Structures are given as C-alpha cells and as structure tokens.
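Colleague: I am new to this structure. Could you pick one helix, look at it closely, and then show me how its surroundings fit together?

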Amino acid sequence: MVKDPIIYIVSDSVGETAELVTKAAVSQFNGSHAIIKRFPYVEDFANIDEVIDLAKIEQGIIVYTLVKPDIRKYMMKRAAEEEIIIFDLIGPLMDQLEMMYNRKPLLEPGLVRRLDEEYFKKVEAIEFAVKYDDGRDPRGLLKADIILLGVSRTSKTPLSQYLAHKRLKVANVPLVPEVDPPEELFTVPKSKCFGLKISPDKLNFIRKERLLSLGLNDSASYADVERIKTEIAYFEKITDRIGCEVIDVTNKAVEETANIILSKFRNVR
C-alpha cells in the first residue's frame with residue numbers, strides 16, 4: 001500500500017492559497033490522501049532551515065508561496081542541497097507578470113487576504129446600514145460609527161449607503177414632531193451624530209415630486225410648507241439638545257455631504 005505523502009505548505013502569509021491549490025491537486029487522484037502540514041508566516045532563513053530539516057526526515061515535499069525573492073532563492077538552494085522536491089506556486093507567475101507589467105511587484109505578503117478583509121468589512125457595513133435604516137432598531141445607534149439625523153427626504157438612506165461603501169457602520173434616525181427620538185440618541189458621543197438640514201422651499205419641492213411619482217396629490221400635508229417648517233424647527237430642537245454637527249444639504253449632492261462627514265469624522269478619531 002502506498003504511503004500517504006507528507007506535504008509541507010510554506011507561506012510568508014497564512015498559507016491558505018497554497019493549501020487550497022494542493023488539496024485541489026490531491027483530489028484529482030480518486031481515493032488518495034496526503035498529510036498536509038502548514039507552515040505560515042515564514043519570514044527568515046531559519047524558518048526555511050526548519051521546514052527543510054523536517055521534510056528531509058519525513059521524506060516530504062514542499063509547496064510554497066513566498067513573495068520575497070531572497071527567501072524564495074534560499075528555499076530553492078536548501079532544497080537542492082538536501083534533494084527535496086519543492087513546488088513554487090507564485091514565484092514563476094510573479095516573474096512573468098513583472099516582465100509583462102514592466103514594473104517591480106510590491107513584495108508584501110498577505111495582500112490578497114487584506115483585500116478580502118476590506119471587502120467583508122464593506123459588506124458588513126452595507127448590511128448594517130440596511131438593518132438600522134430609518135430608525136428601525138435604536139440599538140443600532142450604540143453600535144454605529146456615524147448617526148444621521150433629519151426630517152423625511154433629506155437623503156439619509158442614500159447617504160448611509162454611500163458611507164457604508166467606505167466601510168463605516170451608519171444608522172439613521174428620522175425626526176418627526178409626533179414621535180420622541182430614541183433615548184439612545186442622547187447617550188452616544190455627539191461627535192458621531194450629524195444633522196442634515198434643508199431649506200423649507202427645497203424640501204417642499206422634493207416632497208411634491210415624491211408625491212407625484214407615487215401618483216398622489218401634491219397638496220397633501222406631507223408637502224405643506226407650514227408643516228415642513230414645523231418639522232425643521234423640531235429637528236433644530238433635537239440637534240441643539242445633542243450639540244451635534246449640522247450640515248446644510250440644500251444644494252449638496254450625496255457625495256459632497258459624505259466628504260464633509262468623512263473629514264470631520266476622521267478628525268475626531
């Protein structure tokens with residue numbers, strides 16, 4: 001019976017890529033198995049010596065993803081000296097790409113993993129913005145990086161989504177005179193809170209357009225100027241109580257407002 005080979009996965013990062021590729025190769029031999037041992041974060045010659053010694057003792061082979069040229073060369077040199085079979089999964093492709101791009105690689109281990117982490121942070125932030133949109137659950141205010149406050153139709157939701165793509169967890173709270181704001185709003189740091197202010201005339205226009213798009217009469221109280229002024233006065237009362245930053249969004253695109261918030265948010269961190 002053929003003995004299961006011992007395969008050492010050597011990487012200057014966590015070694016997930018090399019292990020997945022190795023397992024994919026082994027799986028092509030139906031019913032065959034291999035003993036896979038992972039050596040992550042290999043950063044110096046001593047680490048290479050260690051795995052070379054083990055592979056020699058156990059008659060194993062080495063599969064590796066090492067981005068730094070000096071470490072790769074040392075691996076090849078030591079493996080040749082000890083007659084150990086090695087497979088470089090990333091080096092030859094990097095060399096070829098270097099010629100094609102006509103520039104040097106970054107030579108930074110773990111970049112793929114870092115990019116993946118950034119992607120998942122963005123997804124998490126987007127899901128957070130959806131879950132805590134429009135004041136659905138006040139508990140989200142305690143977890144949020146940023147809290148947006150405003151009357152209806154001040155672009156709280158699109159702004160929340162835009163900031164979520166910057167990997168920030170954003171909750172937003174609609175302010176309505178007939179509804180008391182959640183108590184959590186007055187317990188979070190005021191630096192997290194941003195009020196979105198808009199002129200009554202602009203809001204009147206936006207709300208009328210919204211009613212018409214829904215096939216409704218644009219004379220409804222929702223778009224009434226006096227009603228709008230009452231809502232804005234209530235908004236100012238709440239933001240004054242919190243003592244938070246207020247941004248006039250009357251003639252601003254979402255991107256402009258987001259950049260103001262990002263600038264102020266980063267300055268207080």
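**One helix and its surroundings**

Modeller: Helices α8 and α9 lie oblique to each other. The model is a predicted one. The part to look at closely is helix α9, which spans residues 225–242. Its partner α8 covers residues 200–213. The two axes come within 10 Å and cross at roughly 120°. That angle is over 115 degrees but not over 145, so the pair counts as neither roughly perpendicular nor roughly antiparallel. The crossing of α8 with α9 is right-handed.

Which residues make the contact between α8 and α9? From α8 come P200, L203, N204 and R207. From α9 come V225, I228, K229, E231 and I232. By class, this contact between α8 and α9 holds 5 nonpolar, 1 polar and 3 charged residues.

Now turn to the sheet. It is an open sheet of 4 strands, with the order β6-β5-β7-β8 and parallel pairing. Strands β6 (170–174) and β8 are the edges, and each of them pairs on one side only. From one strand to the next, the twist averages 25°. Helix α9 packs on this sheet and touches β5, β7 and β8. The direction of α9 makes about 155° with that of β7.

Strand β7 deserves a stop. It runs over residues 193–197, and 4 of its 5 residues are buried. The strand is therefore largely enclosed by the rest of the structure. Look at its neighbours in turn. Strand β5 (residues 146–150) is joined to β7 by 3 bridges, and the two run parallel. Within that pairing, I147 has C193 of β7 as its bridge partner. Strand β8 (residues 245–248) also pairs with β7 in the parallel sense, over 4 bridges. There, K197 stands opposite D248 of β8. Strands of a sheet pair through backbone hydrogen bonds, either parallel or antiparallel.

Back to α9, and to one residue of it. T239 sits in this helix. Is T239 buried or exposed? Its relative accessible area is 3%, so T239 is buried. What does T239 touch, leaving aside residues up to four places away in sequence? The answer is L149, G195, C244 and V246. Place these on the strands. Residue L149 falls in the 146–150 span of β5. G195 falls in the 193–197 span of β7. V246 falls in the 245–248 span of β8. So the contacts of T239 fit the picture of α9 touching β5, β7 and β8.

Other helix pairs can be set beside α8 and α9. Two packed helices are described by the angle between their axes and the distance between the axes. Take helix α7 (residues 156–164) and helix α10 (residues 254–267): they pack at about 60°, with axes 10 Å apart. That makes α7 oblique to α10. The crossing of α7 and α10 is right-handed. On the α7 side, P158, L159, Y162 and L163 take part. On the α10 side, the contact uses V254, E255, T257, A258, I261 and L262. The class count for α7 with α10 is 8 nonpolar, 1 polar and 1 charged.

Then take helix α2 (residues 45–58) and helix α3 (residues 69–82). Their angle is about 30°, and their axes are 10 Å apart. That angle makes α2 roughly parallel to α3. Again, α2 passes α3 in a right-handed crossing. The residues of α2 that meet α3 are F45, I48, D49, V51, I52, D53 and K56. They face D70, I71, Y74, M75, R78, A79 and E82 of α3. The contact of α2 with α3 has 8 nonpolar and 6 charged residues, and no polar ones.

To return to the part you asked for: helix α9 packs on the sheet, and α9 also meets α8 in a right-handed crossing.

Definitions and conventions: Residues are numbered from 1 along each chain as its sequence is written. This is a predicted model: local features need pLDDT of at least 70, side-chain atom pairs count only at pLDDT 80 or more; totals for chains, interfaces and linings use all residues. Side-chain values use heavy atoms; hydrogens and water are left out. Buried means under 20% relative accessible area, exposed over 50%, partly exposed in between (1.4 Å probe, protein chains only). Two strands pair if DSSP finds at least two bridges between them. Contact means heavy atoms within 4.5 Å. Axes are lines fitted to C-alpha atoms, for helices over the stretch in contact, and angles run from 0 to 180 degrees between N-to-C directions. Angles under 35 degrees count as roughly parallel, over 145 as roughly antiparallel, 65 to 115 as roughly perpendicular and the rest as oblique. A crossing is left-handed if the near helix is turned anticlockwise from the far one by less than a right angle, and right-handed if clockwise. Ala, Val, Leu, Ile, Met, Phe, Trp, Tyr, Cys and Pro count as nonpolar, Asp, Glu, Lys and Arg as charged, and the others, Gly among them, as polar.
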